[in-house]
Amino acid sequence: MWDVAEELGAMLVFAEHRYYGESMPFGQDSYKDAKHLNYLTSEQALADFAVLIRELKKTVPGAQDSPVVAIGGSYGGMLSAWMRMKYPNVVVGALAASAPIWQFTDMVPCSVFYKIVTEGFSRNGADCSDSIRKSWSAVDNVSSTEGGLKWLSNEFSLCSPLEKEDVLVFKAWLQETWVNLAMVNYPYEANFLQPLPRWPVQVACTYLQDSSLPDAPLLQGISKAVKMYYNYTGNTQCLRISETATGNLGYLGWYYQACTEMVMPMCTDGVQDMFEPQSWDFEAFSEECYGRFGARPRAQWAGTVYGGKDIGSHSNIVFSNGNLDPWSGGGVTQSFSSNLVAVVIQDGAHHLDLRFNNNYDPSSVLKARALELKYIKMWIEQHSLSNKAAAPCCL
C-alpha cells in the first residue's frame with residue numbers, strides 16, 4: 001500500500017482497533033472484567049471503521065466522493081473482508097491478505113494449521129521436522145532430573161532456571177517458536193516478530209540435520225535454532241519462556257476475542273505434524289475462558305455472523321495467501337467468481353504481499369501485487385462510473 005498510494009493519489013488511514021493500543025474505552029478499567037470487555041468484538045470494530053470513514057469524508061478536503069478500499073493482513077485481513085461484506089456501501093472493495101476467515105468450528109480440520117507449519121520445516125529435509133518431533137520426548141527425559149533441568153536452563157540461556165512445573169510452559173514456548181518461524185519465513189532479513197535472517201526456517205534447519213542423535217546433542221541443535229530466532233542480533237543476554245515476540249501485539253485482547261467470538265479449533269497428532277498429540281477440547285477451553293474472563297466462547301458465532309463458507313454472493317474482495325503461511329489452511333484459496341478472487345503466493349509467508357517491495361521478493365509475490373493493484377484500480381473505476389451514472393443529467 002505504501003508503494004502504490006502515491007500512484008493512486010490515495011490517503012492511507014490506519015484505524016486503531018478498540019481495546020488495542022491507546023483506544024481504551026474505559027481507560028485503565030477497560031480490561032477490568034467481562035462487563036468492561038463486553039464491547040470488544042469484531043462487529044463493534046467494523047462499525048467503528050464505518051463511522052470513522054464517514055467522518056473522514058466529511059472533514060478531509062477532497063475526500064467526500066473518494067472510494068475507500070479496505071486493506072489488512074491476518075486478523076486485519078479478516079476485518080477487511082468482513083468490512084466489504086457488512087458495509088459494501090462504505091468500502092468499494094477489500095484486499096484480505098493471510099485472512100483465515102474459515103479457521104473456525106466445522107469449517108476446516110483442526111489439524112490443518114500445524115500440518116502446514118510442519119511442511120515448512122520438512123521442505124528443508126525430513127530430519128529437520130523429525131528432530132523437532134523427537135525433541136518433545138527428549139525434553140521430558142532430560143527434565144526428569146534436577147541436573148537435567150539445570151542443563152536445559154544453561155543450554156537455552158534462560159533468564160530463570162527451569163523448575164519441574166515449568167516444563168509444560170517451556171514446551172509450549174518451543175512450539176510457538178516454530179509456529180512463529182513458519183509465519184515469518186520471509187526471503188529477506190526482517191523484524192516483524194523478531195529480527196531474523198532471510199529464509200529463517202532454512203537457517204533453523206541447518207542445526208537440525210540428524211534426528212537420530214541422542215537426547216542431549218539433539219536438544220543442543222534445538223537450542224541453536226531457537227537462539228537464532230530470539231538472538232539473531234547477538235544482543236539478547238538471556239531468553240524468557242514467557243515471551244515469543246518483540247513488542248506488544250495485544251495478546252490479552254486477542255485472548256478475550258478467542259474466548260468469545262474468534263473460536264479457532266486447533267489440534268495435533270504427532271504424525272502429520274511434528275508436535276505432541278493434542279486434541280481439540282472445547283469444554284476445557286470454555287472452562288479456561290470462564291476462569292480467566294468470566295465469559296464463554298460461542299463456537300458457531302463467527303460462521304453465523306459472517307456467513308462461514310457461504311460467501312459467494314459477495315463481491316470485490318481479493319483473498320491472498322502464501323503457501324508457506326500456516327494460516328492459509330483457514331483462508332480462501334480458490335476463487336468464487338471474477339470479483340471474489342483468491343491469489344495463492346508460492347514461497348509466500350504471512351501477508352508477504354503487504355510488505356514493502358524487496359530485491360529478494362520471489363516473482364510470485366510481484367505478480368500477486370500487480371494483480372491486486374489491477375483489481376483495486378478496477379474498483380475505483382467502477383465507483384467513478386457509478387457516480388457519473390447517478391449524477392443528475394440535465395434540467
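**Notebook: salt bridges and a buried strand**

I looked up Lys377 to begin with, and at 38% relative accessibility this residue counts as partly exposed. I note here that the model is a predicted one. Lys377 forms a salt bridge with Glu7, and the closest N and O atoms are 2.8 Å apart. Lys377 lies in helix H14 (residues 363–390) while Glu7 lies in helix H1 (residues 2–8), so this pair ties together parts that are 370 residues apart in sequence. I checked the partner as well, and Glu7 is partly exposed, with a relative accessible area of 48%.

I then asked how many salt bridges a search of the whole structure finds. The search gives 8 salt bridges.

My next entry concerns Asp347, which forms a salt bridge with Arg123, again with 2.8 Å between the closest N and O atoms. Asp347 sits in the loop between strand E4 (340–345) and H14, and Arg123 in the loop between helix H5 (112–122) and helix H6 (126–142), so the pair ties together parts that are 224 residues apart in sequence. Asp347 counts as partly exposed at 30% relative accessibility, whereas Arg123 is exposed, with a relative accessible area of 52%.

I followed helix H6 to another pair, Lys171 and Asp140, whose side chains meet in a salt bridge (2.8 Å, N to O). Lys171 belongs to helix H8 (residues 167–183) and Asp140 to helix H6, so here the parts tied together are 31 residues apart in sequence. Is Lys171 buried or exposed? I found that Lys171 counts as buried, at 7% relative accessibility, a value that falls under the 20% cut-off for that word. Asp140, by contrast, is partly exposed, with a relative accessible area of 32%. I also noted that Asp140, Lys171 and Glu276 are linked in a network of salt bridges.

I turned last to strand E2 (residues 93–97), where 5 of the 5 residues are buried, so the strand is largely enclosed by the rest of the structure. Gly93, Leu95 and Ala97 point one way from E2, while Ala94 and Ala96 point the other way, and all are buried.

Which strands pair with E2? Strand E1 (residues 69–73) is joined to E2 by 5 bridges, and the two run parallel; in this pairing Ala70 stands opposite Ala94 in E2. I traced the chain from E1 through helix H4 (residues 75–86) to E2, and this β-α-β crossover is right-handed. E2 also pairs with strand E3 (residues 317–322) in the parallel sense, over 4 bridges, and there Ala97 stands opposite Ser320 in E3.

Terms used. Residues are numbered from 1 along each chain as its sequence is written. This is a predicted model: local features need pLDDT of at least 70, side-chain atom pairs count only at pLDDT 80 or more; totals for chains, interfaces and linings use all residues. Side-chain values use heavy atoms; hydrogens and water are left out. A salt bridge is a side-chain nitrogen of Lys or Arg within 4 Å of a carboxyl oxygen of Asp or Glu. Buried means under 20% relative accessible area, exposed over 50%, partly exposed in between (1.4 Å probe, protein chains only). Two strands pair if DSSP finds at least two bridges between them. A crossover is right-handed if, with the strands pointing away from the viewer, the path from the first strand over the helix to the second runs clockwise.
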